[in-house]
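Grab a pencil and try a few exercises on reading a protein model. Have a go at each task before you look at the solution.

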Amino acid sequence: MNEAVQQNISQLKEKISSFQKKRVSKKNKSLTPFYVLTMVFSDLISGVLVGTAIGYLLYRIFDLHVFVIAVFVLLGGFASILNLYRSVKVISKENQK
């Protein structure tokens, strides 16, 4: 019985190592130029769009001055740049590995 358990354990270890190898290869494939470009544009556009939407809603709901929209567009732009910086930092760490 011990031999059967040892054989099952060794088979399980082999399966785990093969899955880990597949996972590592998938991580390397995820850094294609198209993926990076898509991530950059989504980071840049999403922050500006969210900032614009918040500024517009505040302008319409509270009847504030139009400059509120401009302020939130700028805040969204700064948030986009911060998100882009964080994404590039993660990509550079993955490329170093």
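**Exercise 1: F62 and its patch**

Keep in mind that this is a predicted model.

Task: Work out whether F62 counts as buried or exposed.

Solution: Start with the location, which is helix 2. Next, take the relative accessibility of F62, 55%. Exposed means over 50%, so F62 counts as exposed. Finally, look at the company F62 keeps: with Y56, L57, I61 and L64 it forms a nonpolar patch on the surface, and together these residues have about 530 Å² of accessible area.

**Exercise 2: an aromatic pair**

Task: Find how the rings of Y56 and Y59 are arranged.

Solution: First, place the two residues: both are in helix 2, three residues apart, or about one turn of the helix. An α-helix has 3.6 residues a turn, so residues three or four places apart point the same way. Now for the rings: their centres are 6.5 Å apart, with 45° between the planes, and that makes the pair tilted. As for cover, Y56 is partly exposed at 42% relative accessibility, and Y59 is partly exposed too, at 25%.

**Exercise 3: the loop residue D63**

Task: Say what stands out about the phi of D63.

Solution: Begin with the place: D63 sits in the loop between helix 2 (33-62) and helix 3 (67-96). Then recall that most residues other than glycine have a negative phi. Phi of D63, though, is near 55°, a positive value, and D63 isn't a glycine. To finish, check the surface: D63 is exposed, with a relative accessible area of 66%.

Methods:
Residues are numbered from 1 along each chain as its sequence is written. This is a predicted model: local features need pLDDT of at least 70, side-chain atom pairs count only at pLDDT 80 or more; totals for chains, interfaces and linings use all residues. Side-chain values use heavy atoms; hydrogens and water are left out. Helices (H or I, at least four residues) and strands (E, at least two) are DSSP runs, numbered from the N terminus. Buried means under 20% relative accessible area, exposed over 50%, partly exposed in between (1.4 Å probe, protein chains only). Patches are made of residues with over 30% relative accessible area and no salt bridge: like charges are joined within 9 Å, nonpolar side chains (Val, Leu, Ile, Met, Phe, Trp, Tyr) within 5 Å. Accessible areas come from the Shrake-Rupley method with a 1.4 Å probe; for residues, only the protein chains shown count as cover. A salt bridge is a side-chain nitrogen of Lys or Arg within 4 Å of a carboxyl oxygen of Asp or Glu. Rings of Phe, Tyr and Trp (its six-membered ring) pair if their centres lie within 6.5 Å; planes under 30 degrees apart count as stacked, over 60 as edge-to-face and the rest as tilted.
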